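Dear colleague,

Please find below the structure that I am handing over to you. I should be grateful if you would look through it before reading my notes.

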Amino acid sequence: MIEIKEEQERVILFGVSGGDNDEMEASLDELEELVKTAGAQTLAKVIQNLESPVPATYLGKGKIEELRELAKRLEATGVVCDDELSPIQLRNLEQALEIKVMDRTLVILDIFAARATSSEGKIQVELAQLKYRAARLVGLGSSLSRLGGGIGTRGPGETKLEVDRRRIHERISHLKAELEQVKRHRKTNRKQRDQNHIPVLAIVGYTNAGKSTLLNTLTGAEILAEDKLFATLDPTTRAWELDRGERVLVTDTVGFINKLPHHLIEAFKSTLEEAKYADMILHVVDSTSPMFASQMHVVYETLRELGVENKPVITLFNKMDRREKNGFLRDFKADYTLEISAKTGEGVERLRHLLTELLRKRKVYVECVYSYGEAGKIQAIRRYGQLLEEQYTDAGIAVKGYIPREMLGRLEPEEK
């Protein structure tokens, strides 16, 4: 029996630095992780110091020649740019380098295509890929004409070699219609949650900050949580019980990343909107990352782009069990900060108590007596508020507790 194995791509990473080489090196390190996640091996990294990329070729003429010789010497199968290349840059670089040229956006789209499992996730990824390819049909021509595996060939790409713009745009229109149905379904679910008056918490954060691990720890969701970029794409919502039996819904969202492709933000808007309609934001930060401050900035910028503003934010500095330095951790944009370890559970009880107190401030304290025939209202207090005290007397059931302000009229005792 002959075993056919897909050959691992061997790539060189390159980018343009406007002056801060440390920042550029960190960005290329992150790109290396992305490339590794996509299944390729990084051979070398090339940085050119320029005020801005060259419009026609991204790199200068001399650096292109240097990159071409390096690729030949290392027997690279491709090169990956840290920025999103324009169609003309893509075409010109491929002609000059005589090798497959990719960019950060293509790598991220490839990872998303491999990781999407739900029908909604697959629709979103295909839509983002087709929008990317529609603008680059000319520039990607020779790359897409090659047979075999590699970055950029997963998902719809491998069947779209001969598809013209008209058919791609027809497919885009069809996918948009499908996503509209998904959006309507999400809207119905949110309306149902609003009627039930159950608070919703949205977990956001940079990719690989530990969002899925936190959801698992809080709710026992048992979703995939790996030490990889974009380990999970599909959002998961689970119930979590706070103090005195109060329940909240916790929703995980797709991780953010520096230079997150605009196509992906647009395609995943229906998923990311969960944060927009949440009552509170849990912002998970990898405290062990030397770039955690810039990663927080990326998260806040992405939230702003999505219209997620004026929400209470609790920043959770995660992975404290692995943090070696005891430096001061702070987030001036957050309303509250906590140090936690989603993996070990450290700090989770403090988070539970904080949320209980914050949600209590949004409720009304009541003391009343219900007739025995109104026991269902006490169940509603248990479910949507906090039942502090319950006494059975001759006059009825004496209750002390907190209930959502909007439910006050519905839970008043009947007049005797």
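The notes below go from the whole chain to one sheet and then to a single residue.

This is a predicted model, in which local features need pLDDT of at least 70 and side-chain atom pairs count only at pLDDT 80 or more, while totals for chains, interfaces and linings use all residues. Residues are numbered from 1 along each chain as its sequence is written, and side-chain values use heavy atoms, with hydrogens and water left out.

The chain has 13 helices and 13 strands; these are DSSP runs numbered from the N terminus, helices being H or I of at least four residues and strands E of at least two. Of the 416 residues, 52% are buried, that is, under 20% relative accessible area with a 1.4 Å probe, protein chains only. Contact means heavy atoms within 4.5 Å. Among contacts between residues at least 6 apart in sequence, 70% join residues at least 24 apart.

One open sheet has four strands in the order 2-1-3-4, with parallel pairing. Its edge strands are strand 2 and strand 4 (100-103), each pairing on one side only. Two strands pair if DSSP finds at least two bridges between them. In general, strands of a sheet pair through backbone hydrogen bonds, either parallel or antiparallel.

Strand 1 (residues 10-17) has seven of its eight residues buried. Eight bridges join strand 1 to strand 2 (residues 41-49), and R10 stands opposite Q41 there. Strand 1 is also joined to strand 3 (residues 78-81), by four bridges, with I12 opposite V79. Strand 3 in turn pairs with strand 4 over four bridges, where V80 has M102 as its bridge partner.

Two helices lie across strand 1, strand 2 and strand 3: helix 1 (residues 21-37) and helix 2 (residues 61-74). Against strand 2, helix 1 runs at about 155 degrees and helix 2 at about 165 degrees; these angles run from 0 to 180 degrees between N-to-C directions, with axes fitted to C-alpha atoms, for helices over the stretch in contact.

Finally, A221 is found in the loop between helix 8 (211-219) and strand 6 (237-241). A221 counts as buried because its relative accessible area is 11%. Leaving aside neighbours within four places in sequence, A221 is in contact with L215, N216 and R238. The C-alpha atoms of A221 and W240 are separated by 9.9 Å.

Yours sincerely

Notes. Buried < 20%, exposed > 50% of the residue type's maximum accessible area, 1.4 Å probe, protein only. Right-handed = clockwise from strand over helix to strand, strands pointing away.
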